[in-house]
Each structure stands twice: as structure tokens, then as C-alpha cells.
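Colleague: Could you take one part of this model and look at it closely for me? I'd like to know how it is put together and what surrounds it.

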Amino acid sequence: MATAIFEQLINGAMMGSIYVLMALGMVLIFGVMQVLNFAHGVLFMIGGYFAHLFFFHVTGSYPLSVIFSMLSLALIGIVLERAIFRALRQNLPMQIVASLGLILIIQNGVIQLWGPAALQMRTSSVSSLVKIGQLSFTVQHFVIIAVVAAAVVTLYLFLMRTRLGTAMRATSQHPEAAVVVGINPNRVYSITFAIACALAGAGGALLGPLFLIFPQMGDGPMLKALSAIIIGGMGSVPGAIIGGLGIGIIESLSTLAIPTDYRDTVVFAILILMLLLRPWGLFGVRVRGEY
Amino acid sequence: MRKLVLSAVCAVALIAPAAYAQEIVTIGIVTAQTGPLAAPGKFQMNGFNLAVDQINKDGGFDIAGKKYKLALKVYDTHCSASEGAAAMQRLASVDQVSIVLGELCSPVVSAEAPLAQDEKVPLIITVPTAPDLTEQNNPYLFRINAHNGQLTKALVDYIRSVDAEPLAFIAWNNDAGRGGVNSVKALLPKDFKTGYVGYFNVGEVDFSSHITNIRNSGAKAVMLLMDEEPGALAIRQIRDAGLNVQFIGTLAMGSNRFLKALNAKYLDGMVQYSAFPPNAPIDRIKKFNENYRNKFHEESHGFAAQSYDAVYVAVEAMKAAGKVSGGAAIRDALSKVTFDGVIGKISFDKKGQASPPVYITQWCNDGTRKVIFPKDMAAGCGAG
């Protein structure tokens, strides 16, 4: 049983890391702009397709493909923010409708461009195995965990130690006061969207080689990331990290005790419990009169 | 005089398309062309298109001295029961087709079949495998492909003949997957040990939880009841996790396309049932494979072969009925029709179920397949 628990801990940490990347992007956008972007899953998916494109047709190098995919997604993020979400700020129902529309447009656009069949991307990190006792994992499992850990540390340093990061935090706390001290909120919004989309792109580019790249690959991670930011606390960066990792590990371990097809049920049961008992989440701030 | 000629030309111009339109018979198609099952839907649609192209290229077909050509009216049901029901209703009432073919998903057939009966429009399904679909006493529902019970019977005989106990399952969490597991279990002896049964939803790609449970159960063989894409993923993840189990697969896992998704090392020794071994040394299959490759530039697929045959069966039924409209007459003809198709001899029993031959193929270590069942059609590596 100890072997099974260890195997599921590694698998859970790997999937949890992917949820963390998604959740961080969603929580940044929500924290700074009060925009809930349900289309984050399709941006994750485009990250996988772009990595495939760059890997096979441009660079031939997997690390460069991940970086180019992130840069492309950052550009797409800026365009989406300027073209769609800036106009819908403060209008949650319209944001939801717009992002649901984006999901349909982008998913079917990808089917038109790349076809409905899933793509494979066999990098050397997927073909190489790490043996631990009787268990065996792909190197990509550990690459994902390491890259996400590095991304989290970098994001923390960016937010806490740079002028731009401070501007983002200031805008999230009080947009009007941020303007008073000379911060251009529109620039901050564009950069926030760019970073969030780049993180989603990284997620797709990291997970794609391990499994498959296909139009619906972002649906599951998006739902789990949304659960993570609600459980962690809407707008809380530490909440997104703990929430994402926690969901990944709990859903993996739960399958040792209950049927595997009930894995999602466990996650959403925790989400419902959290909404009932502590609706502001683990690290969220309780606002007087709000709940 | 000029006015007269002009009037005559106008009259001909008006009448000609009408006369031409009478020669086109439209067949309704329900399938999934977008969404998670768009890939298998493409094979189904390729089969329909290939049959229609060939029939029309050969000049169409004759009924009561009149020549007809075929056209398809296609609705994408997205594998959704509500969209399937809406499409079936529309085909019957708005498009007024006399016969409908297709569907990919068993649960959607459950929504479409009662409408077929109400509207008296025969529905021939070409892919769904849930056994109970043809157990509903619906005289307007026909199935050309073998259902899970038929497909698994041969495979179960194989399982019993090798050291596959305990046997684990990973299956789709839908009628096809759950129906498949139940079919296999029902055919196995009651004391046969089942190691682990895991279900996954369409679109899930991470099989790590199943792998841990299979390892814990001590299973010697794993049966994969799913399509090509998840099948390739599951096999790769199971082998990469260091599990040395015998793989038992389905129709979708005996093709060169499947080999491309993996490699010979991953597949060596795996067995699967097959309604259509594309490289079998059988003339009808070889000819279909060649035509398919010429048109679509890829290896053919069982779903395409089944769908291709369905178009020909529909035409045979219309010929036997002596008319191209009137669903009730075509239904009666369908129940009696016999047709030598690509997948084998097709005729429907009282429940509307056909019984095409089922093959078992096994992967060789060089990336080819051999046919190991039926024994009289067994052939070496390269034949399957």
C-alpha cells in the first residue's frame, strides 16, 4: 500500500502542479481585473498546439518550444484583454458569456486548423523513464513539477520585488488610488492577461507531451483550477498554489479508496463543503457583510 | 416566333431541375463531427461518403425502370442525446427522408430510436455497440455492426484459453464501456477472478490512478474498452509505469494508425477483436481498403467499412421495396434484405441486429498483426 500511496503522491503532485499554473493565471486575472475567464482552458490547449507547432516545424527543441508557446500566448492574452475583456470589466455575466463563446470559437477553430484527431509530441523527457523501486515514472513528471516550482518562485519575486509587480498588487487593491500614484491601469491589465495566458500556455506545453494534445485538453484542468481558486480563496495567490496542489494530490489518493470515476466527485464535494463552511476560502479575506 | 422559343427555353429551364431533383434520393445521416468524438465520427462519415460517391459514379441505381442517385443530409449530433433527437425529428419532418443512417454514441441512439418508430423512418446504426439498443422491440431500428456481446464472445473464449486471471478492465464511463465490461463478465465463468474495474470519462487522459489499482490487484491481463486515442495513451502509460500485463483491446486497436500512435514494442502480443481486419487476405476487404486509401489517403477503419455497407444495405432495401419513399415499406424490406458487404454477409434478425463475422488479431513483434480467430481464417503476421 505504501508503494501505491507513493506512486499516487508523485502523480498527484504532477497534475496538481498543472492545476497550480492554471489557477495562478486565473487568480491573477480575477485579483487584478475582477474578470473570471472561463476560456482559460482553451488558452491552455492552444499552448499545447503551439508547442507542437514550434517543436516540429520551427525549433526542434522542446525547451524553446515551451518558451515560444508562452510568448505566443502572452501576445494572444494582450489581444483578448484589449479586444474583449477590457470592455466587459465589472460585468461578470457578460464576461461569462464572452468566455463561453471564446471556448466554442477557439475549440472549433483548432479542429478546423489541426483536425479533430489528437496530436502526439514524443519528447525525450517523455521517452526517458526514472525507476524508483518497482515503480517507474517519465522524466516529464519531474520536469513539470520542477518547472512549475520555478514559475511559482519567479512569479512571487516578480510580484514582490519589481516595480511592475508592485503596480499589479496596487491595482488589485485599489485601482483608483493606483491611478493617483501614477500607475496606468490599462497597461497593468494587459500585462496581467499576458502573464496569465503565458502560464496557461506553459501548462499546455508541459502536459501535452505526457498525454495528448487535443481540443478538449484544457477543459478538465480549467474546472480543477477554478475549484482551486475558490477553495484557496478568490484573489489569493498562495490559495491558488495550495488549492491546486491539494486538489491534484487528494484526487489521486482518493482513487485508492473509491472508484476512479468518482475522482471528480471528491474534488467537487470538497468545493461544495468549502462554499458552505468557509465561502471566502482558505486564504481569502472575509469581507464584512459579503457573506 | 422569338417569344415562343424563349418561352420554350424558360419552360425547359424550369422543368429540367425538377426532373433532375426527382432522381436524387436523400439519406439522412446523424453523426458526431465536432466535439470529443469528432475523430471516430470522421471515419463514419468517410464510409458514407465513399459509398455514395461510388454508387453515383457507377450511374446510381434503378428502381421500377427509373435511375436514382444518392445525396446525404448530415446532422452533427455532437454525441448529445438532445441534439440527436432534434436531428432525427428534423430529418423525418422537415427533410422528409425515408431512411436515416449513422450515429456514433449508444446513449444518443436511445433518444433517436423512439422518434424513428413514431415517424416510421428506419434508422440503421453503424457504430454504437451497447447490446440493449436492439432489445427495445423497436421495428424501425437496425444495427449493422456487431454489439458488445457478439464482439466479446470470441474474445472471452481467448481469455479463457490463456493465463489472464485476474483480469482487470479500464473502460469508458458510458454505455459502450460499462456495457462491454458487463458483457465480458457475463460470458466468463462465475469463479473467474476480476482484478480491478476502472471507468474513465470521455476526454480524460491521465490513467495513473487506474495503473496503481491494477498493480495493487495483481492483474495478469488488462482489457481496454475504449477508442484509439485513449487506448494508445493507456497502453503507453501502463508500460511506462513498468507493468508487464497482457493487453486485450477492441476494434479500434488493430490498425496501423494505432501502431503509429505507439510502437511495436508497446503492442507486442496484444490481442483485440476486430470486425474489420484491414490487411486480411480477403478480396472484398482488400478492394475496400484500396478505394478508401485512394480517396482519403489513409488506412481504412472498421467504422468506415460498417458505414459504407449501411449505405448499400439502404439502397438494397429501397430496391426490394420498389420505392424510394415510404419508411414502412423500406423497413419491411430491410428486415428481409441480405447483402454481401465489406464486413461480411449482412442480414438482420427479428430484433434488427446483424451478425457480421468477428475476428481476433494479435500484434507481432515487427509491428504487423496476425489473425488468430476464426481458426479457419487464421493467418500469419502481416495478415491482420
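Modeller: Happily; the answer starts with a sheet and works outwards from there. A word on conventions: this is a predicted model, local features need pLDDT of at least 70, side-chain atom pairs count only at pLDDT 80 or more, and totals for chains, interfaces and linings use all residues. Residues are numbered from 1 along each chain as its sequence is written, while chains are lettered from A and ligands numbered from 1 in the order in which they are written.

The part I chose is an open sheet of 6 strands in chain B, ordered β2-β3-β1-β4-β5-β6, with mixed pairing. Helices (H or I, at least four residues) and strands (E, at least two) are DSSP runs, numbered from the N terminus, and two strands pair if DSSP finds at least two bridges between them. The edges belong to β2 (61–63) and β6 (141–143) of chain B; each has a single partner strand, so one side of each is left without a neighbour in the sheet. On average, neighbouring strands of this sheet are turned by 35 degrees against each other, direction ignored. The axes behind such angles are lines fitted to C-alpha atoms, for helices over the stretch in contact, and angles run from 0 to 180 degrees between N-to-C directions.

At one edge, strand β5 (residues 123–125) of chain B pairs with β6(B) in the parallel sense over 3 bridges. There, B:Ile124 has B:Phe142 in β6(B) as its bridge partner.

Two helices pack on the sheet. Helix α2 (residues 38–57) of chain B touches β1 (24–31), β2, β3 (66–76) and β4 (100–102) of chain B, and its direction makes about 165 degrees with that of β3(B). Helix α12 (residues 302–321) of chain B touches β1, β2, β4 and β5 of chain B, with a direction at about 25 degrees to that of β2(B). For contacts like these, the C-beta atoms of two residues, placed from the backbone, must lie within 7 Å.

Two loops by the strands deserve a glance at their backbone. B:His78, in the loop between β3 and α3 (81–93) of chain B, has a positive phi of about 55 degrees although it is not a glycine. B:Asn137, in the loop between β5 and β6 of chain B, likewise has a positive phi of about 55 degrees without being a glycine. Their surroundings are where they part ways: B:His78 counts as buried, with 21 C-beta neighbours inside 10 Å, whereas B:Asn137 is exposed, with 10 other C-beta atoms within 10 Å. The rule is that 20 or more other C-beta atoms within 10 Å of a residue's own make it buried, 12 or fewer exposed, and anything in between partly exposed, with C-beta atoms placed from the backbone.

B:Ala314 leads from the sheet to the core. Leaving out residues up to four places away in sequence, B:Ala314 touches B:Ile27, B:Ile99, B:Leu101 and B:Ile124. Together with A:Ala23 and B:Val222, B:Ala314 touches the most other members of the largest nonpolar core, which has 211 residues. Helix α1 (residues 2–33) of chain A gives the most to this core, with 17 residues. Domain 1 (23–146 + 284–347) and domain 2 (149–274 + 359–377) of chain B both give residues to the core, so it lies between them. Here a nonpolar core means a set of buried Ala, Val, Leu, Ile, Met, Phe, Trp, Tyr and Cys residues joined through C-beta atoms within 7 Å, and the domain bounds come from an automatic or database domain assignment.

How do the two domains meet? The C-alpha centres of domain 1 and domain 2 of chain B lie 29 Å apart, and the contact takes 12 residues from domain 1 of chain B and 17 residues from domain 2 of chain B. On the domain 1 side, α2 and α4 (106–119) of chain B each supply at least two residues. That side divides into 7 nonpolar, 4 polar and 1 charged residues; Ala, Val, Leu, Ile, Met, Phe, Trp, Tyr, Cys and Pro count as nonpolar, Asp, Glu, Lys and Arg as charged, and the others, Gly among them, as polar.

Lastly, the other chain: 27 residues of chain A are in contact with 26 residues of chain B. The largest share of the side of chain A that touches chain B, 5 residues, comes from α1(A).
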